[in-house]
Amino acid sequence: MEILKKTAPRGKLLALDLDSDAVIRFEQKIKENDLRPRVVTVNDNFAQIENIIREKAFVDISGIIADLGFSSWQIEESGRGFSFQKDEPLLMTLDGNGENLTAYEIVNSWPEDRLKEIIREYGEERFAGRIARTIKESRRREKIATTKDLVAVIEKAVPGAYRRAKIHPATRTFQALRIAVNDELANLRIFLADAFDALRPNGRLVVISFHSLEDRIVKNFFREKKQVGRAEVLTKKPLTPSNEEIKSNPRSRSAKLRALTKI
Ligand SMILES: C[S@@+](CC[C@H](N)C(=O)[O-])C[C@H]1O[C@@H](n2cnc3c(N)ncnc32)[C@H](O)[C@@H]1O
């Protein structure tokens, strides 16, 4: 909404989200605010940005912003198993249709080695080996069907002190599964390259990330573009939310915003 306000009266916005529910909710909002004529909405993966821009005939693009990850609505209301505090089916699909890979499939059928690898790599979880082994042992007896089942398995796998730590012991494994289900890191790499190419000179690329794996990819991409003289990085250090913002929106606490201008 703010982008549309700032680009009034003629700026056009191409808004895309993988989750059809998010697109529908956004469409309602812009209709209520009489902004429909300046907005094109697309329900697709941002890794497809090159094709989408071409199909929708957007040219001379002055800015692209990506707000990565998942939304509060997806955590609280989608019923797709993003939260370890709820008891929901193990989907974790951002696109909302259970036809693609789901967390259920990963947890109940991937080999122990692969489980360990994604939990370690995407979750940066030091007990990845123990968790993967316990998942394999548990699913032999009974399928791990819901988030609650998975939390119980993780709690069984990790040492007592870790169970009582400030961060919930399932946090990292849930992050790993979500990244794997949605192929988030590969999609981000494709998006960055294609979004940068699509910008006009002096156009800006802004990315808000929510965990260190994403932020590292963004930081490295920006650095590479700077080194070959194709970009000026506007954020030497990433922008982070103020204490006030974190108070009013605790989920913003891990956000990091980086921006560049294309030369
Ligand atoms: C942090 S939320 C964005 C919230 C949004 N800025 C708002 O104010 O409502 C992240 C959104 O990105 C979407 N998303 C994540 N990965 C995506 C991808 N590869 N392609 C398209 N959308 C994606 C999610 O479905 C989610 O709705």
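**Close-up views of a predicted model**

**View 1. Polar contacts hold the centre of this view of the ligand.** A polar side-chain atom of N45 sits 2.9 Å from a nitrogen atom of the ligand. This is a predicted model. D67 also offers a polar side-chain atom, 2.7 Å from a ligand nitrogen. F46 takes part through its backbone: one of its polar backbone atoms is 2.8 Å from a nitrogen atom of the ligand. On its own, the ligand exposes 610 Å², and the protein buries 72% of that area.

**View 2. The shell around the ligand has 13 residues.** D17, N45, F46, D67 and Q74 come nearest. By type, the shell divides into five nonpolar, four polar and four charged residues.

**View 3. N45 lies in a loop.** The loop runs between strand β2 (39–43) and helix α3 (49–55). N45 is buried: its relative accessible area is 16%, under the 20% limit for that term. Its side chain reaches the backbone nitrogen of A47 at 2.9 Å. Leaving out residues up to four places away in sequence, N45 touches L16, L18, I52 and N187. N45 also has a polar side-chain atom 2.9 Å from a nitrogen atom of the ligand.

**View 4. Helix α8 has buried residues along one face.** The helix covers residues 147–157. Buried here are T147, L150, V151, V153, I154 and A157. Seen down the axis of α8, the buried residues fall within an arc of 160°, so they line one face of the helix. An α-helix has 3.6 residues a turn, so residues three or four places apart point the same way. On the other side of α8, K148 and K156 are exposed.

**View 5. Three helices pack against the buried residues of α8.** These partners are α5 (103–109), α7 (128–141) and α10 (171–182). Among the α8 residues that are buried are L150, V153 and I154.

**View 6. D194 is a buried residue of helix α11.** The helix spans residues 184–198. D194 has a relative accessible area of 18%. That value is under 20%, so D194 counts as buried. Leaving out residues up to four places away in sequence, D194 touches A47, I49 and E50. A47 appears in View 3 too, where its backbone nitrogen is reached by the side chain of N45. D194 and D19 are 175 residues apart in sequence. In space, they are 21 Å apart, C-alpha to C-alpha.

Technical notes: Residues are numbered from 1 along each chain as its sequence is written. This is a predicted model: local features need pLDDT of at least 70, side-chain atom pairs count only at pLDDT 80 or more; totals for chains, interfaces and linings use all residues. Side-chain values use heavy atoms; hydrogens and water are left out. A residue is near a molecule or strand if one of its heavy atoms lies within 4 Å of it. A polar contact is a pair of N or O atoms within 3.5 Å; within protein, one must be able to donate a hydrogen and the other to accept it, and residues adjacent in sequence count only if both atoms are side-chain atoms. Accessible areas come from the Shrake-Rupley method with a 1.4 Å probe; for residues, only the protein chains shown count as cover. Ala, Val, Leu, Ile, Met, Phe, Trp, Tyr, Cys and Pro count as nonpolar, Asp, Glu, Lys and Arg as charged, and the others, Gly among them, as polar. Buried means under 20% relative accessible area, exposed over 50%, partly exposed in between (1.4 Å probe, protein chains only). Helices (H or I, at least four residues) and strands (E, at least two) are DSSP runs, numbered from the N terminus. The arc is that of the directions from the helix axis to the C-beta atoms. Contact means heavy atoms within 4.5 Å.
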